[in-house]
Number of protein chains: 2
Amino acid sequence: MSASAGTTAAGPVLHGAASREADRAGAREAILVPAPRLHRQLEALFTAWCGPAHATASADALVEADLMGIDSHGITLVTLYEELVAKSMIARDADIRVVQDLGAIAVLDAGGGFGHAPATRAMDLACERAAAFGVGAVAVRGSNHFGAAGVYALRAARAGMIGLVTSAVHAASIVPVFGRAPRLGTNPIAFAAPGADGAPFLLDIATSTIAIGKLKLAAREGRRLPDGWALDADGRPQHDPEAALRDRLMTPLGGSREMGGHKGYGLAAMVEVLSTLLAGASYAPLRDRGAPRYDVGHLCLALSPEAFRGPNAFGPDLDAFLACLRETPPAADAARVLAPGDPEHAMRARREREGIPIPRSLVAAVKAVAEARGAGFHLEDPDT
Amino acid sequence: MSASAGTTAAGPVLHGAASREADRAGAREAILVPAPRLHRQLEALFTAWCGPAHATASADALVEADLMGIDSHGITLVTLYEELVAKSMIARDADIRVVQDLGAIAVLDAGGGFGHAPATRAMDLACERAAAFGVGAVAVRGSNHFGAAGVYALRAARAGMIGLVTSAVHAASIVPVFGRAPRLGTNPIAFAAPGADGAPFLLDIATSTIAIGKLKLAAREGRRLPDGWALDADGRPQHDPEAALRDRLMTPLGGSREMGGHKGYGLAAMVEVLSTLLAGASYAPLRDRGAPRYDVGHLCLALSPEAFRGPNAFGPDLDAFLACLRETPPAADAARVLAPGDPEHAMRARREREGIPIPRSLVAAVKAVAEARGAGFHLEDPDT
């Protein structure tokens, strides 16, 4: 079964899931892997890469992303992560330390490991502080790629908190409005809030106009890029998908100035302030080229709905709000309107039932990495 | 001197100021009013509208916006505010009360008055809490229009804090992706952060693709609207500026789904959660039509850079970050790249020196309102 069939059955796809599917939509063939088996595979790989200390947290984060259909941030990251480990950019069994602690805030130093474990710990700590003070904020420095930001925001919502997560990226790809060189990462913002009976509100977006996956899909289909997706070396619209993939000169959300690109630029810069500058991490364009690590920063912020509203008030209001969004009369050419998080929740229900589709080309790539690293290969294990 | 000349002389305009200028760019003739005189005029009007208790705070907020070139949120609001007062939507000498107070958070009830005074108080309280706990968050309910969100974010930055401000709006105009009816206000996000030697980072954006002012300008010029600015009653792109002005069916930032409109939709919805649901205010589409007030909500959040970084660390990093953005090589057709806040700071310097340009048509409208309300008319006072 192909992943694109899965996408269609889950209904119209809204929050980036369509673009995240791009890599898999082109795959001729995929196998369906149950989440526990995928977790076993990832835990084995992370243990081989950087020791057992944080392997479970890292595997958790990638499986969560794959369950929600955020395919660009699940098992597909294995090739990127193998590259980072091969370049010695990731510390083994990194020591995660609290380096600042004051009232409702804290700063963690991730010790140079992957970002999944420190971001998980940061959000849990932010939720603890929010339970005590109404709001909590925990910044992380000395970190690396942490997978999908939405995973940590959703973690807060499951704990009854509103979660806001931002992260910087170790390389710049977004070009400021009026510019022709990259100065900001795709700097994601994720936000989640708990309902009463319904599923949480969930937003997980890069502050670029499109995901890299959309460029790959356009390249595969030989399709001309529209204005506002990517830029050429002069800062003009890039229409060639191959050149766009090579140069990675992405526009901020909005695209051109006329279409509000200055807003996306400002949001990407805001994320950099919150993630990098507040944590004391390294801003990629100014990072010392000889530095042994990328020193990426994140921010996890939690707000307690109960502190603001008292018990049993916020959740029902959130449910009613999301229902009102879903009941928006659809446009002439659309089937229905979705609330933020609906596509991810629908995909999770489907993939928990049917398994996670992994293209055979990716299965082969994972197998090669596992063999090279002396990790077990589990994707084709018989179900246990 | 015309306002458009002022805009040109201030250099390329980035953060929405161009669109905010739209109303004035078409004015044949404007007078230049020093900020203190403009303040005197506004204070007189607010006192006449709703008593002396909060007139100074309201006048402060509008003068600040006009100084920064956020012209849609300065003296031009007099006609909208006169309408709201005439419809009895604004309480006189509203009682602003703290209705929830717990550790680092609080909730204010604005008592049905304008939003400027309660938002000012909310941000000051959030900054106090951030000084004590590292982070503070204060929600406001029972409020109304509060002017430009950036005014309150900048207030935090001047106090040495990072400020984040969101607000709902009393009427929905943003149409969710795939929909054909409005469900969200233009729900602004403002963010500011203090530098050491340089001016603060400042972002102040609506989560719609464009400001209403851009529609007005297009209508005046008889220009066809591009895809992605506004929608018709079927949810398809609206190209007629007059119809767009009448229907107010705005797209979320990004515009179409292809250009990332689902991201703007999600951000506008996030602002609604933070501003309305967290405060216990009324979500406009579900508000009881017989309610005597709009019951708008805001959120003011402050983070202490010193709590996270220790003394004298964050400010220099912010200055270096903004300098790096400004040094981005410009696109072939652009003069230079600006950092978030640069246009507003440049405009403030100019208008503090030269005065604030007010078109004669607006001067006449202000005079008519002042006379009808028995307030003094001061815009043409001799300088004192």
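How do the residues of the lining of the second largest pocket divide into nonpolar, polar and charged? In this predicted model, the lining of that pocket divides into 19 nonpolar, 20 polar and eleven charged residues.

**The second largest pocket**

The second largest pocket holds about 1,200 Å³ of space. It is lined by 50 residues, and those closest to its centre are Ser72(A), His73(A), His145(A), Thr186(A) and Ile212(A). Two or more residues of the lining come from each of helix H2 (17-20), helix H6 (78-86), strand E7 (201-205), helix H9 (212-221) and strand E8 (296-303) of chain A, and chain B contributes in this way through helix H11 (261-277).

**How the two chains are related**

A turn of 180 degrees, with a shift of 0.0 Å along the axis, lays chain A on chain B with an RMSD of 0.0 Å. That is the relation of a two-fold axis. Within chain A, the C-alpha nearest this axis belongs to Gly254(A), at 2.2 Å from it. Both copies use the same surface, since 100% of the contact residues of chain A recur in chain B.

**The sheet of each chain**

In chain A, seven strands form an open sheet with mixed pairing, in the order E2-E3-E4-E8-E5-E6-E7. Its edge strands are E2 (97-102) and E7 of chain A, each of which pairs on one side only, and the twist averages 10 degrees from one strand to the next. Strand E6 (residues 189-193) of chain A runs antiparallel to E7(A) and is joined to it by five bridges; Ala192(A) stands opposite Leu202(A) in E7(A).

Chain B likewise has an open sheet of seven strands in the order E2-E3-E4-E8-E5-E6-E7, again with mixed pairing. Strand E2 (97-102) and strand E7 (201-205) of chain B each have a single partner strand, so one side of each is left without a neighbour in the sheet. Strand E6 (residues 189-193) of chain B pairs with E7(B) in the antiparallel sense over five bridges, and Phe201(B) is the bridge partner of Ala193(B).

**Helix H11 across the sheets**

The table lists how helix H11 lies across strands of its own chain and, for H11(B), across strands of chain A as well.

| Helix | Strands crossed | Angle |
|---|---|---|
| H11(A) | E4, E5, E6 and E8 of chain A | about 95 degrees to E5(A) |
| H11(B) | E4, E5, E6 and E8 of chain B | about 95 degrees to E5(B) |
| H11(B) | E5, E6, E7 and E8 of chain A | about 135 degrees to E7(A) |

Helix H11 of chain B thus lies across E7 of chain A, and both of these elements give two or more residues to the lining of the second largest pocket.

Note on methods:
Residues numbered from 1 in each chain as written. Chains lettered and ligands numbered in written order. Predicted model: local features only at pLDDT ≥ 70, side-chain atom pairs only at ≥ 80, totals over all residues. Heavy atoms only, no water. Least-squares fit on C-alpha atoms with pLDDT ≥ 70 in both. Contact = heavy atoms within 4.5 Å. 1 Å grid on protein atoms, 1.4 Å probe; cavity = no way out; pocket = protein on both sides within 12 Å on 5 of 7 lines; lining within 4 Å. Points joined across faces, edges and corners; volume = space filled by probe spheres on them. Helix = DSSP H or I, 4+ residues; strand = E, 2+ residues; numbered from the N terminus. Nonpolar A, V, L, I, M, F, W, Y, C, P; charged D, E, K, R; others polar. Pairing = 2+ DSSP bridges. Axes fitted to C-alpha atoms, helices over the stretch in contact; angles between N-to-C directions.
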